[in-house]
Amino acid sequence: MFGALKKKLIFTICTKVTDNTEKRTHNQSQFKKHEGELHRRLHRYASDCRADFCIKTPEVQDYDDLNIWKIKQWENHLNDYEEVMYLDFDIVPNTNTSIFEKFNFDRLITHLIPTPLPRFTSSRFDLEDKESFVKTLDKYHWYIKTKQMKDMLMSQMIRPKNEWMMNTGTFGGSRRVRDELKFSERLDEVKQVVDEVKDIDNRYFYNNETMLTYMIEKYNVPVENLPVHWHQLILSDTDLRVCKTSSLIHVITKDFENVFKNL
């Protein structure tokens with residue numbers, strides 16, 4: 001760390017996960033291969049932001065539990081820092097502009113992904129086609145997580161206001177917004193709501209992004225939505241030339257080697 005007098009912190013997580021699916025195994029191998037460069041770039045960006053930097057290796061290794069753990073760590077770090085930003089280890093910074101100076105940290109800093117499916121007409125054939133397509137999506141798909149969030153809200157007699165899902169690859173804020181969100185305090189209550197809607201779809205579960213987005217909607221938590229170039233998702237069909245004009249690059253594919261080549 002840079003010093004006890006610093007008021008800002010950027011932290012990340014680097015650890016193994018117990019999930020041994022083909023996708024997670026591939027991800028782990030890519031993290032191991034590029035760990036040094038990923039660490040160096042995140043550390044350098046924290047320095048550019050005049051923030052302390054911390055990389056955590058928790059005992060928690062279950063993928064879903066780990067994603068809840070990181071939010072609790074953000075809450076805890078705000079006991080010692082005025083503003084804290086979490087960045088996934090697969091985030092590649094490509095800017096020296098301080099995120100703390102660019103955005104209002106009294107709001108929850110994150111990226112909200114629009115999640116509607118492609119438009120379908122009202123004909124019976126297309127409705128059936130849509131239903132068939134939705135059945136092919138797994139529980140981590142943004143559309144399914146948004147569907148769960150909306151069912152959770154409606155179970156509490158709340159009309160969903162938006163068609164989006166928070167991505168916790170980047171999130172941050174100040175003590176003020178932490179105390180408005182009250183994630184840990186409300187977690188058991190929100191898990192009960194998940195339990196109430198589980199019978200609707202067997203893909204519903206205790207997902208950190210679903211539960212956070214639910215809290216944002218239900219409790220009107222103020223949000224600072226990062227523009228796309230401040231949370232640029234790299235998917236299998238992304239033109240990597242976009243990396244050059246992006247500030248924070250979230251390498252979902254874990255194709256770090258080609259991302260580095262395009263910077």
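Me: How do strands S1 and S3 pair, parallel or antiparallel, and over how many bridges?
Reply: Start with the sense of the pairing, then look for a residue pair that fixes the register. In this predicted model, S1 (residues 8-13) and S3 (residues 83-87) run in the parallel sense, joined over 4 bridges. To see the register, take Ile10, whose bridge partner in S3 is Met85.

Me: Which strand pairs with S1 over 5 bridges?
Reply: That's S2 (residues 52-56), and the sense is parallel here too. Leu9 is a handy marker, with Asp52 as its bridge partner in S2. For the connection, follow the chain: S1, helix H1 (residues 22-48) and S2 form a β-α-β unit, and the unit is right-handed.

Me: Is S1 mostly covered or mostly open?
Reply: Count the buried residues along the strand. For S1 that gives 5 of 6, so call the strand mostly covered, taking buried as under 20% relative accessible area.

Me: What is the strand order in the open sheet of 3 strands?
Reply: Read across the sheet rather than along the chain: the order is S4-S9-S8, and the pairing is mixed. Strands S4 (91-93) and S8 (232-233) are at the edges with a single partner strand each, so each has one side without a neighbour in the sheet.

Me: How does S4 run relative to S9?
Reply: The two are antiparallel, with 3 bridges joining S4 to S9 (residues 248-250). Look at Pro93 to find the register: its bridge partner in S9 is Leu248.

Me: On to helices. How far apart are the end C-alpha atoms of H7, and what span should its 15 residues give?
Reply: The trick is to compare the end-to-end distance with the rise per residue. H7 covers residues 183-197, and at 1.5 Å a residue it should span 21 Å; the end C-alpha atoms are 20 Å apart, which agrees. Try the check on H5 as well: its 14 residues reach 20 Å from first C-alpha to last, close to the expected 20 Å.

Me: Where is the kink in H7 centred?
Reply: On Glu189, and the bend there is about 30 degrees. An end-to-end check is one view of a helix; the local axis is another.

Me: Which residues of H7 are buried, and what covers them?
Reply: List the buried positions, then ask what packs over them. In H7 they are Phe183, Arg186, Leu187, Val190, Val193, Val194 and Val197. The cover includes helices H2 (63-77), H5 (142-155), H6 (175-181) and H8 (208-219).

Me: What does Val190 touch?
Reply: Skipping residues up to four places away in sequence, the contacts are Met152, Met211, Tyr214 and Met215. Val190 has a relative accessible area of 0%, so it counts as buried. For a sense of scale, Val190 and Asp239 are 49 residues apart in sequence and 38 Å apart in space, C-alpha to C-alpha.

Me: Which residues touch the most other members of the largest nonpolar core?
Reply: Trp74, Phe183 and Tyr214, in a core of 38 residues. Helix H7 supplies the largest share of this core, 6 residues. There's also a second, separate core of 31 residues, with Ala51, Val92, Ile109 and Val251 among them.

Me: What are the contacts of Phe183?
Reply: Leaving out residues up to four places away in sequence, Phe183 touches Ile68, Ile71, Lys72, Glu75, Leu212 and Met215.

Me: Is Thr210 buried or exposed?
Reply: Buried, at a relative accessible area of 0%. This residue sits in helix H8. Beyond its sequence neighbours up to four places away, Thr210 touches Lys145, Gln148, Met149, Met152 and Met165.

Me: What should I make of the sign of phi in residues other than glycine?
Reply: Most residues other than glycine have a negative phi, so a positive one is worth a look. Met157, just after H5, takes a positive phi of about 65 degrees. Its place is the loop between H5 and strand S6 (164-174). Met157 is exposed, with a relative accessible area of 77%.

Me: Where is Lys254 found?
Reply: In the loop between S9 and helix H9 (256-261). Lys254 is not a glycine, yet has a positive phi of about 65 degrees. Its relative accessible area is 7%, so Lys254 is buried, whereas Met157 is exposed.

Note on methods:
Residues numbered from 1 in each chain as written. Predicted model: local features only at pLDDT ≥ 70, side-chain atom pairs only at ≥ 80, totals over all residues. Heavy atoms only, no water. Expected span 1.5 Å × (residues − 1). Bend = angle between axes of the 7 residues up to and from the residue. Buried < 20%, exposed > 50% of the residue type's maximum accessible area, 1.4 Å probe, protein only. Contact = heavy atoms within 4.5 Å. Core = buried A, V, L, I, M, F, W, Y, C linked by side-chain atoms within 4.5 Å. Pairing = 2+ DSSP bridges. Right-handed = clockwise from strand over helix to strand, strands pointing away.
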